[in-house]
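Biologist: I'd like to learn how to read a model like this one, feature by feature. Could you walk me through it?

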Amino acid sequence: AGDTILSNVNVIDASYDSVSFSVAAEEGTVTDVFFSPDGLKMYIVGATGDEVNEYNLSTAWVVSSAVFVINFSVVGQDTAAHGLFFRADGTKMYIVGQTNSSVFQYTLSTPWSVATASYDSISFSVATQETSPTSVSFKPNGLSMYVVGTASDSVHQYTLSTAWNVSTATFLQSFSVSGQESNSSGLFFTGDGSRMFVSGIAGDDVNVYDLTTPWNISTSASVGAFSVSGQSTNPTGIFIKPDGTKMYIVDSVVDTVFQYTVSSIDIQLTGQTSVAALDVQQDLIV
């Protein structure tokens, strides 16, 4: 069937680092979190300020070292901003909002600097599938988009005919997570698309799914959950460090980012695999 690589990010056995960072001074209803690939930039979006807040971390991936830099308002596009995603090079940013049930696209003239962001006047409505979207994610090549929401408690998959241009999206399929979560809030994938994570407010946990066909949500199967109730009773967003060793959760009641350590990663290579052919979005020691 060809060469494959699977990354098993084991958040079910994660542990809280006793490290957190309050963003309440900038946002009163935090809904999502995102990091630059080097872990020196953190971004928060929320439904109160309807803006993306940028922070510098003096120690990479340690949220307690964060310092606020600047924000970028998205209120002109949506007044209930919920989900946030950046392209890997930091030149494209995407917001999903509940007021218009749409994904909005932005360009950053300086990568990872929201001060240089501008709206592309490009959007895509997901209202037919989800009227209360909470998070958005993309496949690394920009040809697939995923949205989760609380109205359907499903992950919806879309195909983009032009990479990273959401106006070219068409609906493909949905996968229900209602059996595990009745108030779905956050969505994240491993870099190879073999594992999906959905955080939820009803269960106060992160639900983990294995995809037998990477990036194809119809092949998803639940494999367990990790409770964050000791820290968060309203987890709205999730982010996992590219190498799979750290996980971050934001809470919209206490407006805080919580940091966790993920215990292990299991990399399985099958077949004759060329290193040049691998696109795993993380560091590997071979």
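Modeller: Happily! Let's start with a cut-off: a residue is called buried when its relative accessible area is under 20%, and exposed when that value is over 50%, with partly exposed in between. Keep in mind that this is a predicted model.

Biologist: Is E54 buried or exposed on that scale?

Modeller: E54 has a relative accessible area of 3%, so this residue is buried. E54 also forms a salt bridge with K41, and their closest N and O atoms are 2.5 Å apart. The two partners sit in distant parts of the chain: E54 belongs to strand β5 (residues 51–57) and K41 to strand β4 (residues 41–46), 13 residues apart.

Biologist: How many salt bridges does a search of the whole structure find?

Modeller: The search finds six. One of them joins D210 and R195, with 2.7 Å between the closest N and O atoms. That pair also links distant parts of the chain, since D210 is in strand β17 (residues 205–211) while R195 is in strand β16 (residues 195–200), 15 residues apart.

Biologist: How is each partner of that pair classed, buried or partly exposed?

Modeller: D210 counts as partly exposed because its relative accessibility is 28%, whereas R195 is buried at 5%. Another salt bridge pairs R87 with D89, the closest N and O atoms being 3.0 Å apart. Here D89 reaches 37% relative accessibility, so D89 counts as partly exposed.

Biologist: Now the backbone. What does the secondary structure of the chain come to?

Modeller: The count is zero helices and 22 strands. To read strands, look at which ones pair and in what direction. Strand β9 (residues 102–108) is a good example: β9 is joined by six bridges to strand β8 (residues 92–97), and the two run antiparallel. In this pairing, M93 stands opposite Y106 of β9.

Biologist: What connects β8 and β9?

Modeller: They form a hairpin with four residues between them, and S101 in the turn has a positive phi of about 50 degrees. β9 also pairs with strand β10 (residues 117–125), again antiparallel, through seven bridges. There, S102 has S125 of β10 as its bridge partner.

Biologist: How many residues of β9 are buried?

Modeller: Six of its seven, so the strand is mostly covered by the cut-off we began with. For the protein chain as a whole, buried residues make up 55% of the 286 residues.

Biologist: And what share of the accessible surface belongs to carbon and sulfur atoms?

Modeller: The accessible surface is about 10,700 Å², and 51% of it belongs to those atoms.

How values were computed. Residues numbered from 1 in each chain as written. Predicted model: local features only at pLDDT ≥ 70, side-chain atom pairs only at ≥ 80, totals over all residues. Heavy atoms only, no water. Buried < 20%, exposed > 50% of the residue type's maximum accessible area, 1.4 Å probe, protein only. Areas by Shrake-Rupley, 256 points an atom, 1.4 Å probe, with all protein chains shown as cover. Salt bridge = Lys/Arg side-chain N within 4 Å of Asp/Glu carboxyl O. Pairing = 2+ DSSP bridges.
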